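Please take a look at the chain below, with its sequence at hand. A short tour of its architecture comes after it.

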Amino acid sequence: MASARALHSGMPPSGDADKIWNYLVVGLDVILAKSNEGLENTMYMNLYTSVYNFCTSLRSSMDDGAFYNSVDPSSVVHGTVYGRDLYNRLNKHITSYMQSIVEKSSQHKGDDLLAFYNREWSKYGDSAKLIHNIFSYLNRHWIQREHDEGNNVSDVNNLMLQLWRDKFFMSIRGTLLSSVFKLMQRIRDGQIADITMVKSVADSFVALGSDDIGTGSKKMEVYDKYFLRPFIEATVQYYGAESERLLQESTIREYMVRVAERIKEEDERADVYLHESSLREFREALDKVLISKQRENLIAEFQPMLTALERNDLRLLYSLLRRLSESTGLAPLREIYSKHVRTAGLDAVKQVSGSEEAAGGQANEARMFVTALLGVYELYLGILHEAFEGDPGFSKSLDYACREFVNTNEICAPNSGKASMLLAVYCDMLLKKGNTATRAAGSEEASDEESLEKRLTRAVCLMRYLKDQDVFQKFYWKWMARRLVGEQSVSEHGEETMISKLKEVCSVDFTAKLTRMFTDVAVGREMTEQFKDGLDPDYKLPLDFEMKVLHTVSWPLTAPETKLQVPAQLGSVIDQYNSFYQKKHDNRKLNWLWQYSKADIKMFFPKAKGATAKVGYQFQVSTYQLAILLLFNANSGPGTGYGSPTGPSLTIAQIVAATGIEHDAVQSELEVFVKAHLLNSSNKKVTDASAFSLNPDYKSKRLRLNLAAIKKPEQKREAAETMKSVDVDRMANIQAAIVRIMKARKKLGHRQLVEDTISQIKLFQAQVDDIKKAIDQLIEREYIERSEESRDIYNYLA
């Protein structure tokens, strides 16, 4: 090559293109030989100016020996002639340089060839950029004009890349790729090799797919055809052989471990040397040979792993099969997972239903039922997150399975709503203080707010799976009211926490109703204090009390039909509070809910001895029980025997007449008193003929007893009444949904109306028979009518 000193000897005259070209040849050779050293600014500017001078030369000898002169150096003909001449000379010179590189490459093989190729490519790439800049005048004028005229002429940089591809790369590509594949095989076999050489080769293949003239879109034909396709074929061949060998030498689980290691290695290497556009194709080919071919064997291992709860193996299997398409990889696993969870849930409930403990009452059944459901749910939720990374598809499978076994199982018949009721019972147990059922449910730490919150969170998780949320809401509302009225809540914070959690799964109307109940209780306390503060200082209350004024719309409580004759001891206080309330609220009326009121009463028995004779016994009783017991004081109540030290002896008829309480209610309360040995009965069985008197010999180790607990027959009756009210509410909701749909659609077929109604109601699962009944009722009430053209078509009546 020409010496670089010639570049400093002075620029050739601007009018002679041949001398200018000779000067440029010297510069080109210097750049191609030492592109990494760059050029001095003076040399760069001289070469740049020489390109400009060549393109604007007035005289030049061309290849055909002719001479061209132009009167106007800026003429199109002039620029076109000299631009093409310079472009052709550059093409020939670089082609000659490429031939010399091909000759040098023949002296190298294997890794040496890769190193030579990468070294020359790096140097040539820098040279191409520098020469492109020096020839920028040619690019901007002659080449741009060729583009404008539709001629396929590459700019200088792309010209040099094309010459590398056509003159050098195409000559050695077979030997070059063979060297790449041998190096990769050594790496895969665990030998040490320089992987960066593969990356450099791959990058050169990408660069050789030069831009289309005028489009600017990157081409990848060279990379795809001469590198990626052969590389994938070699990879598939290598791992196909290894896969067969592993299956012969190891179990399917050992195969999983080895394949996972191999895939991880290949993924990491692919990120290094493959172009990002080809990563997906390469990995799909790898997955096909290592995973897809063994898909059935891998899926067959899923059920045993799930049964044995082998989280690590499940995680590994999931990581492999998720690399395949959804339908062939994870979909079969999700189906197996859903069926397995459903079976596990049904089995857990079946064990509960057959236990003696669950037969010990509704509270025990609810506790064991919910505990069993939570056990299964939380176990497989843990597997979902630990083994399946919280995969949304597996999450849906878990939800579907839970919805199935939570609502229909050995304990809960289909569409019975019992699961919802039992969950409400469980929540009531957690939030209610002072009973063994609550402690048995594991709420002995209920006073610990953090522990209670965790339990409530777990319970609310199950609510998402209830098909009859309206049943849960109805029972929870009713029992929350009892807790608040009876001051049985374990803590106000616990109640408020539950309401905040219910907001996540229940309607705003429902939770707003619960919040208003809390507000009523707080306001009631304030009003009681205001009442006491406003009393005449000379007046002394005969008893301590707290009134709760509740708004009818927010509470599931109804005024009693019984006209209670309020005992004289309470009457004066009641009258004064009525007067106080009327002064504050002129247009409001108080309805006293005696059936929900309670009192603490202290009783002394004639034959009591020791401490009990002095302090007596304290009983928590309902207002009805209080009214009955006060009749047995020695100086009050109708009947005979007032002079007796044990008080009067009364019949059921006398008590009914004195209190105004219904006959059956009086008989029920007397049965409680006789069973507790508080009263003596003249007959073993409580009947209308029985006479009752105070038991003077009453003794108990406990000085405080609760006689106001809800009795089992009453619990069953209330549960049945609540379910009836649920049915009434459902029918109203179904009718409202039908009216909304028909008002919007005006005319609709029967089948479509049923489907739209089911889809619109979210609170419960509407049954087709109930929808038919609602349609018939709406026809009777003239909201809709059957069309004259068909009985299966309905018209909306405005």
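The report goes from the whole chain to its cores, helices, strands and loops.

## The model and its conventions

This is a predicted model, in which local features need pLDDT of at least 70 and side-chain atom pairs count only at pLDDT 80 or more, while totals for chains, interfaces and linings use all residues. Residues are numbered from 1 along each chain as its sequence is written, and side-chain values use heavy atoms, with hydrogens and water left out.

## The chain as a whole

Let us begin with the overall content. The chain has 30 helices and nine strands; these are DSSP runs numbered from the N terminus, with helices being H or I over at least four residues and strands being E over at least two. Of the 798 residues in the chain, 46% are buried. Here buried means under 20% relative accessible area, exposed means over 50%, and partly exposed is in between, using a 1.4 Å probe and protein chains only.

The chain exposes about 40,300 Å², and carbon and sulfur atoms supply 50% of that area. Accessible areas come from the Shrake-Rupley method with a 1.4 Å probe, and for residues only the protein chains shown count as cover. Among contacts between residues at least 6 apart in sequence, 68% join residues at least 24 apart, a contact being heavy atoms within 4.5 Å.

## Two nonpolar cores

A nonpolar core is a set of buried Ala, Val, Leu, Ile, Met, Phe, Trp, Tyr and Cys residues joined through side-chain atoms within 4.5 Å. The largest one has 172 residues, and Tyr117 and Phe135 have the most contacts inside it. Helix α6 (residues 156–188) gives the largest share of this core, 15 residues. Another core, of 48 residues, lies apart from it and includes Ala599, Leu630, Phe632 and Leu707.

Which residues does tyrosine 117 touch, leaving aside neighbours within four places in sequence? Its contacts are Trp164, Phe168, Phe169, Ile172, Leu176, Val201, Ser204, Phe205 and Leu208.

## A few helices up close

Helix α1 (residues 17–33) has 17 residues and reaches 24 Å from its first C-alpha to its last, close to the expected 24 Å at 1.5 Å a residue. That expected span is 1.5 Å times one less than the number of residues. Because 13 of its 17 residues are buried, α1 is largely enclosed by the rest of the structure.

Back in helix α6, we find serine 178, which is partly exposed with a relative accessible area of 32%. The C-alpha atoms of serine 178 and phenylalanine 231 are separated by 9.9 Å, with their positions 53 residues apart along the chain counted as the offset. Helix α5 (residues 136–148) holds glutamine 144, a partly exposed residue at 35% relative accessible area. From glutamine 144 to aspartate 155, eleven residues apart along the chain, the C-alpha separation is 8.5 Å.

## Strands and their pairing

Strand β1 (residues 598–603) has alternating side chains: Ala599, Ile601 and Met603 point to one face and are buried, while Lys598, Asp600 and Lys602 point to the other and are not. Six bridges join β1 to strand β2 (residues 617–622), and the two run antiparallel. Two strands pair if DSSP finds at least two bridges between them. Within this pairing, glutamine 618 in β2 is the bridge partner of lysine 602.

An open sheet of three strands follows the order β3-β5-β4, with antiparallel pairing. β3 (650–651) and β4 (679–681) stand at the edges with a single partner strand each, so one side of each is left without a neighbour in the sheet. Two bridges join β3 to β5 (residues 691–694), and leucine 650 stands opposite phenylalanine 692 in β5.

## Loops with positive phi

Glutamate 487 has a positive phi of about 55° although it is not a glycine. This glutamate is found in the loop between α20 (469–485) and α21 (492–502) and counts as partly exposed at 44% relative accessibility.

Lysine 746, another residue other than glycine, has a positive phi near 70°. Its loop is the one between α28 (712–745) and β7 (747–749), and at 47% relative accessibility lysine 746 counts as partly exposed.

## Cysteines

How many disulfides does the structure hold? It holds zero, a disulfide being a pair of cysteine sulfur atoms within 2.5 Å. Cysteine 55 is buried at 6% relative accessibility, whereas cysteine 461 is partly exposed at 24%.
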